[in-house]
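Good morning, and thank you for joining this session. Please turn to the structure on the screen, and we shall go through it together.

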Amino acid sequence: MSGTPGWADLPEGLLHSIIARMGLGSAPDLLAFAATCRSWGTAFAGSIATFPPLLLQPDVSSSPPNASPFSNNLVPNRPYLVTDIAKVNQGANLCSEIPLRLEWFSFMGASFGHLILFNKKSCIVVDVSRGVSVSPPQLPLVECAEPNYGALTAPLTSPNSHLIIEAGPHNLFWRVGSDSWVRCSTRHGHIKQIVVFKGRVFGMDSDRRIFKVHLTPQISIQELPVIESSMISKRNLSNAWLVACGDMLLLVGCRGSIVVSGVTFEVFRLDLSFEPALWFKVEKLEHWAIFISTDKRSQALSCMNPEIWGGRSNCIYCYNHESERWIALELGKPLCR
């Protein structure tokens, strides 16, 4: 090798080892690590399934003690406070602050550590850990509709990463770095939830139909043949989230409102080894925990071995964005007041 390797050239395996030894539940340290340089941020993104999600809260008027602002290429304006789930269990709510000027933008989604925001015909994708943003081309005019939901298919730094936007009867696709959008839709309309599972992109519409999203050689959306199941129907489950959990593609659902006494969550696994595919009920999540939000623009997430940071396996953690509180429910057991 010519020249002397720098810190940014450390092998990815070594970086993952460093992350594992930094101590789980230390959001400021982990965010600082991810913000150091592009290669370190990529390594952190590859380890993300090990860590509990971080809750990003806008419109906070006061700063927490010992807040740590991170540099960014946006003009500081109002703070976004990062809540570390592991620290909540220890009685500490707010652990760091990220100043972003986003007052004119509406939230459309969060995936792979990025915020997806919209304003009129423009949207931006903000890397929360590094505080930098990417601006796609101006959105094409979509009849009688404004964008409502957005998701990435991979981190911005990954090859062939795409941003997918739900807008009216269509889904809009932008390959990161390109100069145009591509429209695509199903015969039923658009898909509302995007999940990346085993390197493939899946989507679900409001009627619980499942789709494969093909990014190459051209953008296309293909409905996945699935035997219809009354178990996941709207009549049986009024709320549902699609989530990748290790080697399982799951649907998490509940009957009725999430925040009322007696509510229970049910989980179903989509078995793709059959054709058409089949839904099977999951009785136990084993060493996994799943995180959902009542605001479905935020993707559902899974976390392996949550006991490492003080969490519980076989639990559904649900954040109610209206009451701003967490509940944790063991799978199959009702919420008690």
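The sulfur of Cys245 lies 9.6 Å from the closest cysteine sulfur, that of Cys303, which is too far for a bond. A disulfide here is a pair of cysteine sulfur atoms within 2.5 Å, and a search of the whole structure finds zero of them. Cys318, likewise, is in no disulfide; the nearest cysteine sulfur belongs to Cys254 and is 7.4 Å away.

I should state early that this is a predicted model, in which local features need pLDDT of at least 70 and side-chain atom pairs count only at pLDDT 80 or more, while totals for chains, interfaces and linings use all residues. Residues are numbered from 1 along each chain as its sequence is written, and side-chain values use heavy atoms, with hydrogens and water left out.

Are these cysteines buried or exposed? Buried means under 20% relative accessible area, exposed over 50%, and partly exposed in between, with a 1.4 Å probe and protein chains only. Cys245 is buried, at 0%, and Cys318 is buried, at 1%.

Let us move to strand 16, residues 239-245. Strands are DSSP runs of E with at least two residues, numbered from the N terminus. Six of the seven residues of strand 16 are buried, so the strand is largely enclosed by the rest of the structure. Two strands pair if DSSP finds at least two bridges between them; strand 16 and strand 17 (residues 248-254) run antiparallel and are joined by seven bridges. Among the residues involved, Val243 has Leu250 of strand 17 as its bridge partner. The hairpin of these strands has two residues between them, and Gly246 takes a positive phi near 60° there.

Finally, the empty space. A cavity is a set of points, on a 1 Å grid over the protein atoms alone, where a 1.4 Å probe fits but cannot get out; lining residues have an atom within 4 Å of a point. Grid points are joined across faces, edges and corners, and a volume is the space filled by probe spheres set on the points. There are two cavities of 30 Å³ or more, and the largest has a volume of about 60 Å³. Its lining includes Tyr149, Trp241 and Lys296. Strand 12 (193-197) and strand 16 each give two or more residues to this lining, and strand 12 gives the most, with three.

Where does the largest cavity lie? Domain 1 (102-224) and domain 2 (227-336) both give residues to its lining, so the cavity lies between them; the domain bounds come from an automatic or database assignment.

Conventions: Helix = DSSP H or I, 4+ residues; strand = E, 2+ residues; numbered from the N terminus. 1 Å grid on protein atoms, 1.4 Å probe; cavity = no way out; pocket = protein on both sides within 12 Å on 5 of 7 lines; lining within 4 Å.
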